[in-house]
Amino acid sequence: MFQYKYAKQDNPGYTKTGIATLKFQLINQRADFSFALFSGGLSNPKLVAVSNILAFANPKAPVYPRLAQGKSWNEMTVTWTSGYSIGEAVPFVEWGMQGDTQKRSAAATLTFDQSSLCGSPARTVGWRDPGFIHTSFLKNLWPNTVYTYRMGHRLSDGRYIRGKVYSFRSSPYPGQDSLQRVVIFGDMGKAERDGSNEYSDYQPGALNTTDQVISDLNNIDIVFHIGDLSYANGYISQWDQFTAQVEPIASTVPYMVGSGNHERDWPDSGSYYNGMDSGGECGVLAETMFYVPAKNRAKYWYSTDYGLFHFCIADTEHDWREGTEQYKFIENCLASADRQKQPWLIFAGHRVLGYTSDKWYSQGGAFEEPMGRESLQKLWQKYKVDIAFYGHVHNYERTCPIYENQCVSSERSHYSGKFNGTIHVVVGGAGSHLSDFNQQQPGWSLYRDQDWGFVKLTAFNHTSLLFEYKKSSDGEVYDSFTISRDYTDVLACVRDSCEPTTAAS
């Protein structure tokens, strides 16, 4: 890890007095720290002095818990980082209902070395030992119940190392009629709270988004970060920084992630794209650092349920077109939604498979990731997907309910009655540098904003859903709409969504 400040940044008299005060925030990265003073600036650095070593009391301690939904609605997973190998200590989680006797569940342990990565800088100058990643599975949870937990390690000499106590609320039973709140965004990244500079420092909105979510955490039940997570780009230590930044969120509510180009893409690595945006990580870091309920985490698509919601999360760094393995998953995921119990069907992926008037995507008039919606739009229509979310484009945009490039509703802020088409939302403005829109706004684009922000969905019950777009600068709502829909409206036959019928009685 390398971060720096200029001595005269907040000390204008430094060049005359040689006296300056600088503050750095250090996080536990399983190693000691020291400070160095350089002259000559970045272009011609010359080492002047090195400080004494600063050490954490226990650099191997369990840190940065990340919750995620398990493969069933009543399972929560806890993932964390430590410096303890399985030869040194046995990892576990102590947990139970708040105030009750705590039980202990074992944890699995993963790590990786340079040979697991695909290229530079991840295998060379960006390499840093990631420590050990542990995941425990807390099963048979009661619905909508507060649990406490803490991570621990039993050392080979019989001593115990324990982290601090955290808590979470378990998922409602699928179909449970209760207030349920979901936050969705993409492309956040990380930034330094102490104002220092670092490599890959181009996510200026990251801390604002993080802090707005933290400030509203009592009114949030689950978070989806749909790709471009840390922007480490092959500099492994940045993943510790990112997991430390999101710890207040991820330790309290499920932090569900998706795969983006900055996690996965590398030539000849199985990615659909041959770019080098992952910096040689080729998915290994994201797949190890965060749990998702996928059958194969190297194929980062999965489904998950939360009360009245059914989510289908695509991996846009793998082929999604008709006939592929992922296409079959997407159709099965959408088809498996029991709309009587889970009326709100949500699709999400990193790249814009639907609609965007981003300047780059607008070239040629397609307004989408190449071949993005050609195969999928018939599935969204057939299975009546309410809203589809995307990142990758660093701004916010919302479409009308749309099918085959045509708005199928003239409403803008309240949709009621039977489903007509899916609303597509770009929500990739959580932190990274902002993207430009095309000058001309298409008719299907109802609202767009070149600013940092995120979306919050609130399901009040089976028939009422509130959508809000909030800016990260102030947390205020700048775009919103509601959906009111009965089960009979979901069943109603609309264009290209009708099941075959028979005249037989």
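These are my notebook entries on a predicted model, starting with the disulfides.

**Entry 1: disulfides**

I began with the cysteines, since a disulfide is a covalent bond between the sulfur atoms of two cysteines. How many disulfides does the count come to? I get four disulfides. Counting bonded cysteines along the chain, the pattern reads 1-2, 3-4, 5-6, 7-8. I looked up three of the links one by one.

My opening pick was C118 and C282, which are joined with an S to S distance of 2.1 Å. This pair links distant parts of the chain, 164 residues apart. C118 sits in the loop between β7 and β8, and C282 sits in the loop between α4 (261-264) and α5 (284-289). About the S-S bond I noted 85 degrees, a right-handed link. Are the two ends buried or partly exposed? C118 is partly exposed at 32% relative accessibility, whereas C282 is buried at 8%.

Next I went to C312 and C333, whose sulfur atoms lie 2.0 Å apart. C312 belongs to strand β17 (residues 309-313) and C333 to helix α6 (residues 325-335), so this disulfide ties together parts 21 residues apart in sequence. I wrote down -95 degrees about the S-S bond, which goes with a left-handed link. C312 is buried, with 1% relative accessible area, and C333 is buried too, with 3%.

Then came C493 and C498, with S to S at 1.6 Å. The torsion about their S-S bond is about 100 degrees, so I marked this disulfide as right-handed. C493 is partly exposed at 48% relative accessibility, and C498 is partly exposed at 40%.

**Entry 2: backbone oddities**

Most residues other than glycine have a negative phi, and most peptide bonds are trans. I went looking for exceptions.

Which residues does a cis peptide bond join? I found S120 and P121, with omega about 10 degrees. P121 is in the loop between β7 (103-110) and β8 (132-138). That loop was already in my notes, as C118 lies there.

Two aspartates came up for positive phi. D187 has phi near 65 degrees and lies in the loop between β12 (180-185) and β13 (197-198). D228 has a positive phi of about 55 degrees and is found in the loop between β14 (222-226) and α3 (237-250). Buried or exposed? D187 is buried, at 0% relative accessibility, and D228 is buried as well, with a relative accessible area of 1%.

**Entry 3: H225**

I moved on to H225, which I found in strand β14. H225 has a relative accessible area of 0%, so I call this histidine buried. What is H225 in contact with, leaving aside its neighbours within four places in sequence? My list has F185, G186, D187, M188, F242, Y255, M256, V257 and G258. D187 is there, the aspartate I had noted for its positive phi.

**Entry 4: β2 and β3**

Here I looked at a hairpin. Strand β2 (residues 36-39) and β3 run antiparallel, joined by four bridges. One of the pairings I checked is A36 in β2 with V50 in β3. Six residues lie between the strands of the hairpin, and G40 takes a positive phi near 90 degrees. How many of the five residues of β3 (residues 46-50) are buried? The count is zero, which leaves β3 hardly covered.

**Entry 5: pockets**

I finished with the pockets. The largest pocket holds about 1,000 Å³ of space. It is lined by 32 residues, and those closest to its centre are Y4, K5, A36, L37 and F38. β1 (3-4), β2 and β3 each supply at least two lining residues. Which of the elements gives the most to this lining? β2 does, with four residues. Sorted by class, I have 21 nonpolar, seven polar and four charged residues here.

The second largest pocket has about 450 Å³ of space. Of its 21 lining residues, P293, K295, Y302, S303 and F329 are the closest to the centre. β16 (302-306) and α6 each supply at least two residues of the lining. That helix α6 is where I had placed C333. By class, I noted seven nonpolar, nine polar and five charged residues in the lining of the second largest pocket.

Definitions and conventions: Residues are numbered from 1 along each chain as its sequence is written. This is a predicted model: local features need pLDDT of at least 70, side-chain atom pairs count only at pLDDT 80 or more; totals for chains, interfaces and linings use all residues. Side-chain values use heavy atoms; hydrogens and water are left out. Buried means under 20% relative accessible area, exposed over 50%, partly exposed in between (1.4 Å probe, protein chains only). A disulfide is a pair of cysteine sulfur atoms within 2.5 Å. Contact means heavy atoms within 4.5 Å. Two strands pair if DSSP finds at least two bridges between them. On a 1 Å grid over the protein atoms alone, a cavity is a set of points where a 1.4 Å probe fits but cannot get out, and a pocket is an open set with protein on both sides within 12 Å along at least five of seven lines; lining residues have an atom within 4 Å of a point. Grid points are joined across faces, edges and corners, and a volume is the space filled by probe spheres set on the points. Ala, Val, Leu, Ile, Met, Phe, Trp, Tyr, Cys and Pro count as nonpolar, Asp, Glu, Lys and Arg as charged, and the others, Gly among them, as polar.
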